[in-house]
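User: Please take a close look at the largest pocket, and then set it in context with the helices, the buried side chains, the salt bridges and the backbone angles. I would like one connected account, with the cut-off behind each term.

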Amino acid sequence: MSDIPGPNVAVVVPVYGRLAKTLRFIESFQRVEYDSYALVIVDDASPDGTGERLARDYPNVTVLRGNGHLWWTEGTNLGVRYALEQGFDYVLTINNDTCVSPDFLTH
């Protein structure tokens, strides 16, 4: 891997419930070999405490809170708007039921 940092990537993940899948996704992403990324989870008022759990156990993950009426599309849009406002170079939208390989972002 190069010592030159790559472009900053915001990884936007809209979620509603399914905490176990979200935790598995985060664990998978923590093994990614690319250093210039940030996870942005958009929790649309999950009834299972997803937002609270992520905020407590994963302080490096940005958790944006929805009102329970965002659904997938507006949850994604909220995350993308946040990423653009924060100046990320790229935005990756992805589902929380995905597991990635360590070289996922280096390609």
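Analyst: **The largest pocket and its surroundings**

The largest pocket holds about 230 Å³ of space. Here a pocket is an open set of points on a 1 Å grid over the protein atoms alone, with protein on both sides within 12 Å along at least five of seven lines, whereas a cavity is a set of points where a 1.4 Å probe fits but cannot get out. The volume is the space filled by probe spheres set on the points, which are joined across faces, edges and corners.

The model is predicted, with local features needing pLDDT of at least 70 and side-chain atom pairs counting only at pLDDT 80 or more, while totals for chains, interfaces and linings use all residues. Residues are numbered from 1 along each chain as its sequence is written, and side-chain values use heavy atoms, with hydrogens and water left out.

The residues that line the largest pocket are P14, V15, Y16, R18, V42, D44, G68, W71, W72, G75, N95 and N96, a lining residue being one with an atom within 4 Å of a point. By class, the lining divides into six nonpolar, four polar and two charged residues, where Ala, Val, Leu, Ile, Met, Phe, Trp, Tyr, Cys and Pro count as nonpolar, Asp, Glu, Lys and Arg as charged, and the others, Gly among them, as polar. At least two residues come from each of β1 and α3 (71-85), and α3 gives the largest share, three residues. These elements are DSSP runs numbered from the N terminus, with helices (H or I) of at least four residues and strands (E) of at least two.

One lining residue, W71, is found in helix α3, and its phi is positive, about 60 degrees, although W71 is not a glycine. W71 counts as exposed because its relative accessibility is 67%; with a 1.4 Å probe and protein chains only, exposed means over 50% relative accessible area, buried under 20%, and partly exposed in between. A positive phi, near 60 degrees, is also found at the non-glycine residue A45, which lies in the loop between β2 and α2 and is partly exposed at 38% relative accessible area.

Helix α3 also holds A83, which counts as buried because its relative accessibility is 0%. Leaving aside residues up to four places away in sequence, A83 touches A10, F88 and V91, contact meaning heavy atoms within 4.5 Å. The C-alpha atoms of A83 and A38 are 9.4 Å apart, although 45 residues separate them along the chain.

The other helices have buried residues too. In α1, these are L19, T22, L23, F25, I26, S28 and F29, and the cover over them includes β1, β2, α2 and β4 (90-93). In α2 (residues 50-57), T50, G51 and L54 are buried. These three lie on the same side of α2 because they cover an arc of only 95 degrees around the axis, the arc being that of the directions from the helix axis to the C-beta atoms. The cover over the buried residues of α2 includes β1 (9-15), α1 (19-29), β2 (37-43) and β3 (62-65).

Charged pairs complete the account. A search of the whole structure finds five salt bridges, each a side-chain nitrogen of Lys or Arg within 4 Å of a carboxyl oxygen of Asp or Glu. One of them joins R53 and D57, at 2.5 Å from N to O; because the two are four residues apart in helix α2, about one helical turn separates them. R53 is partly exposed at 30% relative accessibility, as is D57 at 33%. D57 also forms a salt bridge with R56, with the closest N and O atoms 2.8 Å apart, and R56 counts as exposed at 59% relative accessibility.

Another salt bridge links E74 with R81, the closest N and O atoms being 2.6 Å apart. E74 is partly exposed at 29% relative accessibility, and R81 is partly exposed at 40%. Through salt bridges that share partners, R53, R56 and D57 are joined into one network.
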